Amino acid sequence: MRRRLVPAALILTCALLLTACGGNSSTGTGGDIDGKGSVTLNVGDQKGGSEAILRAAGELKDLDYKIKWSSFTSGPPLLEAVNAKAVDIGGVGNTPPVFAAGAGSKISVVAAWHGTSAGDTILVPKDSALTGPRQLKGRSVAVAQGSSAHYQLVASLKAVGLSLSDVAVKYLQPADALAAFTSGKVDAWAVWDPYTSQILQAGQGRVLTTGDGITNGLTFQVASPTALHDPRKAAVVKDYLGRLRRGTDWVYDHQEEWAKVWAKDTKLPYQVALASVRRTNSTRVPVAVDQPLVASEQRIADAFAELKLIPRKVDFAGFVDQRYNGGLPPSTTPARS
């Protein structure tokens with residue numbers, strides 16, 4: 001049966017969305033925020049990400065420093081820029097820091113948010129005969145290599161006694177995976193929100209399984225150690241993180257308003273944006289970069305090292321900086337509902 005293709009414009013738009021994903025992506029420079037001070041914080045961002053949240057929440061007012069934004073389409077190239085000292089800090093999902101650490105990059109995880117993993121899914125076409133992840137054996141599954149979905153796929157298969165070698169993995173970046181899924185060229189797609197919401201809202205698929213209980217639901221702000229060694233930059237990072245935490249709280253209290261902003265920024269349909277906000281974005285709560293967090297990320301690192309998908313074993317504790325924990329709750333704090 002031929003499945004309805006998503007319009008190309010929407011595919012291209014979605015390729016630019018805020019993700020926890022991997023793969024090769026280009027970068028660009030966004031607008032600057034002129035504050036009152038002489039210090040400039042170079043921030044890596046993704047479409048509909050930190051800048052949009054801070055602006056919508058009114059947190060870009062009365063800055064005592066300047067912000068220079070650089071836009072990235074995914075986490076790995078953003079962390080490459082952090083490693084190269086081109087970016088002082090930026091937001092990514094739970095897996096890009098593992099791959100950066102595996103490559104020996106100079107990065108420091110300085111802040112974390114814990115949210116639900118309900119938007120991290122393995123999708124199947126709506127008329128698929130598959131009813132559970134165990135039935136993926138021998139089937140083709142699209143996933144972005146090095147992404148949070150990549151680990152979700154690994155963990156979901158392991159939970160039912162399977163491994164990556166039991167499925168036909170098709171390493172595709174989101175735009176290509178979306179086209180392959182909607183045209184019936186793959187049996188399943190491991191992906192994250194807002195792609196999950198896009199497929200469900202369009203009635204083009206259903207959820208085979210989610211990341212709840214499988215993945216840790218963490219997102220991070222990752223900084224350059226060089227920036228953190230500069231007392232003035234370190235102080236500015238502290239202020240920036242405080243604003244971002246307040247902005248995240250604002251999203252929870254203003255979900256419909258944020259969905260409108262996010263839809264405009266990403267060119268997503270409003271109903272898709274709202275569904276994604278409710279399912280995923282509004283659930284995030286600021287948490288400490290603590291030992292349970294390190295242990296959780298270590299499990300991801302060990303899994304990819306065992307699969308030889310990163311070049312060496314990683315001691316993730318060596319890539320965190322806990323100075324900004326303050327009075328934050330533990331990383332195991334339940335996500336917002």
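Helices (H or I, at least four residues) and strands (E, at least two) are DSSP runs, numbered from the N terminus. The structure is a predicted model, in which local features need pLDDT of at least 70 and side-chain atom pairs count only at pLDDT 80 or more, while totals for chains, interfaces and linings use all residues. Residues are numbered from 1 along each chain as its sequence is written, and side-chain values use heavy atoms, with hydrogens and water left out.

**Exercise 1. Describe the cis peptide bond and the loop residue Thr280.**

Solution.
Step 1. The cis peptide bond joins Asp193 and Pro194, with omega at about 10°.
Step 2. Pro194 belongs to the loop between β9 and α7 (195–201).
Step 3. Contact means heavy atoms within 4.5 Å. Setting aside residues up to four places away in sequence, Thr280 touches Thr116, Gly119 and Asp193.
Step 4. Thr280 itself is found in the loop between α11 (270–279) and β12 (285–287).
Step 5. A residue is buried under 20% relative accessible area, exposed over 50%, and partly exposed in between (1.4 Å probe, protein chains only). With a relative accessible area of 8%, Thr280 is buried.

**Exercise 2. Place strand β7 in its sheet.**

Solution.
Step 1. Two strands pair if DSSP finds at least two bridges between them. An open sheet of five strands, with mixed pairing, has the order β8-β7-β9-β6-β10.
Step 2. β8 and β10 are the edge strands, each pairing on one side only.
Step 3. Strand β7 (residues 140–143) pairs with strand β8 (residues 168–171) in the parallel sense over four bridges. Ser140 stands opposite Ala168, and Val141 stands opposite Val169.
Step 4. β7 also runs parallel to strand β9 (residues 188–191), to which two bridges join it. In β9, Trp189 is the bridge partner of Ala142.
Step 5. Both faces of β7 are covered: Ser140 and Ala142 are buried on one side, and Val141 and Val143 are buried on the other.

**Exercise 3. Analyse helix α5, beginning with the unit that contains it.**

Solution.
Step 1. A crossover is right-handed if, with the strands pointing away from the viewer, the path from the first strand over the helix to the second runs clockwise. β7, helix α5 (residues 148–159) and β8 make a right-handed β-α-β unit.
Step 2. The expected span of a helix is 1.5 Å times one less than its number of residues. For the twelve residues of α5 this should be 16 Å, and the end C-alpha atoms are 16 Å apart, which agrees.
Step 3. Ten of the twelve residues of α5 are buried, so the helix is largely enclosed by the rest of the structure. Among them are His150, Tyr151 and Leu153.
Step 4. The covering of these buried residues includes β6 (121–125), β7, β8, β9, β10 (205–210) and α12 (291–306).
Step 5. Gly161, with a positive phi near 80°, follows α5.

**Exercise 4. Identify the nonpolar cores.**

Solution.
Step 1. A nonpolar core is a set of buried Ala, Val, Leu, Ile, Met, Phe, Trp, Tyr and Cys residues joined through side-chain atoms within 4.5 Å. In soluble globular proteins, nonpolar side chains tend to be buried together.
Step 2. The largest core has 32 residues, of which Leu79, Val109, Phe220, Val222 and Val314 touch the most other members.
Step 3. α12 gives the most to this core, with six residues.
Step 4. Apart from this core lies another, of 30 residues, which include Leu136, Val141, Leu162 and Leu208.

**Exercise 5. Determine the partners of strand β4.**

Solution.
Step 1. Strand β2 (residues 40–46) pairs with β4 in the parallel sense over two bridges; here Val43 stands opposite Ile89.
Step 2. On pairing with β11, β4 is antiparallel, over four bridges, and Ala223 is the bridge partner of Ile89.
Step 3. Both faces of β4 (residues 89–92) are covered, with Ile89 and Gly91 buried on one side and Gly90 and Val92 on the other.

**Exercise 6. Characterise Asp62 and Lys267 by phi and accessibility.**

Solution.
Step 1. Asp62, a residue other than glycine, has a positive phi near 55°. With a relative accessible area of 62%, Asp62 is exposed.
Step 2. Lys267 is not a glycine either, and its phi is positive, about 65°. Lys267 counts as exposed at 59% relative accessibility.
Step 3. Asp62 lies in the loop between α2 (50–56) and β3 (66–72), and Lys267 in the loop between α10 (255–266) and α11.
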